[in-house]
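Dear colleague,

I am handing over the structure below, and I would be grateful if you could read the notes that follow with the coordinates open beside you.

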Amino acid sequence: MKISTKGRYGLTIMIELAKKYGEGPVALKTIAKANNLSEHYLEQIVSPLRNARLVKSIRGAYGGYTLANEPTEITAGDVIRVLEGPIQLVEGIEDEEPAKRELWIRISDAIKNVLDNTTLADLAKHSEDESGKEGYMFYI
C-alpha cells in the first residue's frame with residue numbers, strides 16, 4: 001500500500017483544521033504557507049473532502065474551511081479512503097497460496113485498524129506535543 005501526496009497533504013489539511021477546531025474557518029492559504037505546500041494543489045485536494053462532508057467551506061472575506069464534525073469523530077481512515085480509495089495492501093490475493101493470502105489479509109487488517117482507530121484529535125495532539133520540543137544540536 002502506498003499513500004500518495006494527495007493522501008498525505010489531505011491529512012495535513014485535516015490535522016491543521018483539527019488544531020484550529022472551534023476557532024472559526026481556516027484559509028487554505030494559511031495551511032499552504034505553514035506547511036510550505038502549493039495552495040492550488042490543496043484546493044484540488046479539499047474538494048473531495050468537502051464532497052464527502054468531512055469539511056465545510058465558508059465563503060467570504062473571513063472564510064475558509066472547518067471540520068464538518070469534531071476531530072474525535074473523524075479518523076485517518078476516513079480521510080485516506082476519500083482521497084486514495086479502498087485500503088488494499090495487495091491486489092489479486094485470491095490467486096495467492098493460502099499461507100501468503102492469510103499474511104496479506106492480516107497485514108491489511110492491521111493497517112485498517114490503525115487508520116480507523118487514529119482520530120484527527122490524536123494526530124493534532126501529537127503534532128502539538130512535538131512542536132514544543134527542541135531537537136538536540138550536535139557539534140563535531
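Leaving aside residues up to four places away in sequence, A124 touches I15, A18 and K19. The model is a predicted one, and in it A124 has its place in helix α6, which covers residues 120-131. With a relative accessibility of 5%, A124 counts as buried, the cut-off for that class being under 20% relative accessible area. A further relation across the chain concerns M14: A124 and M14 are 110 residues apart in sequence, yet 8.9 Å separate their C-alpha atoms in space.

M14 also appears in the packing of two helices, α1 and α3, where it is one of the α1 residues that make the contact. The axes of α1 and α3 come within 10 Å and cross at roughly 80 degrees, and this angle makes α1 roughly perpendicular to α3. On the side of α1 the contact is made by T5, K6, Y9, G10, I13 and M14, and on the side of α3 by Y41, L42, I45 and L49. Sorted by character, the residues of this contact between α1 and α3 comprise 7 nonpolar, 2 polar and 1 charged.

Two of the residues just listed deserve a separate word. A search of the whole structure finds 1 aromatic pair, and this is formed by Y9 and Y41, which meet edge-to-face at 5.6 Å centre to centre, with 75 degrees between the planes. Since Y9 lies in helix α1 (residues 5-19) and Y41 in helix α3, the pair ties together parts that are 32 residues apart in sequence. As for their exposure to solvent probes, Y9 counts as partly exposed at 22% relative accessibility, and Y41 likewise counts as partly exposed, at 25%.

Helix α3 (residues 39-51) packs in addition against helix α4 (residues 76-84), at an angle of about 115 degrees and with the two axes 10 Å apart. The helices α3 and α4 are therefore roughly perpendicular to each other, given that angles from 65 to 115 degrees fall into that class. The crossing in which α3 passes α4 is right-handed. I45, P48 and L49 of α3 make this contact together with V79, V82 and L83 of α4, and its residues divide into 6 nonpolar, no polar and no charged. I45 and L49 are named in the contact of α3 with α4, and I45 and L49 are also named in the contact of α1 with α3.

L83 takes part in one further long-range relation, this time with S4, whose place is in the segment before α1. S4 and L83 are 79 residues apart along the chain, and their C-alpha atoms are separated by 9.0 Å. At 29% relative accessibility, S4 counts as partly exposed.

Finally, I would draw your attention to T66, which has its place in strand β2, residues 64-67. Is T66 buried or exposed? At 17% relative accessibility, T66 counts as buried. Again not counting residues up to four places away in sequence, the residues that T66 touches are L17, G24, P25, V55, K56 and I58.

With best regards

Technical notes:
Residues are numbered from 1 along each chain as its sequence is written. This is a predicted model: local features need pLDDT of at least 70, side-chain atom pairs count only at pLDDT 80 or more; totals for chains, interfaces and linings use all residues. Side-chain values use heavy atoms; hydrogens and water are left out. Axes are lines fitted to C-alpha atoms, for helices over the stretch in contact, and angles run from 0 to 180 degrees between N-to-C directions. Helices (H or I, at least four residues) and strands (E, at least two) are DSSP runs, numbered from the N terminus. Angles under 35 degrees count as roughly parallel, over 145 as roughly antiparallel, 65 to 115 as roughly perpendicular and the rest as oblique. A crossing is left-handed if the near helix is turned anticlockwise from the far one by less than a right angle, and right-handed if clockwise. Contact means heavy atoms within 4.5 Å. Ala, Val, Leu, Ile, Met, Phe, Trp, Tyr, Cys and Pro count as nonpolar, Asp, Glu, Lys and Arg as charged, and the others, Gly among them, as polar. Rings of Phe, Tyr and Trp (its six-membered ring) pair if their centres lie within 6.5 Å; planes under 30 degrees apart count as stacked, over 60 as edge-to-face and the rest as tilted. Buried means under 20% relative accessible area, exposed over 50%, partly exposed in between (1.4 Å probe, protein chains only).
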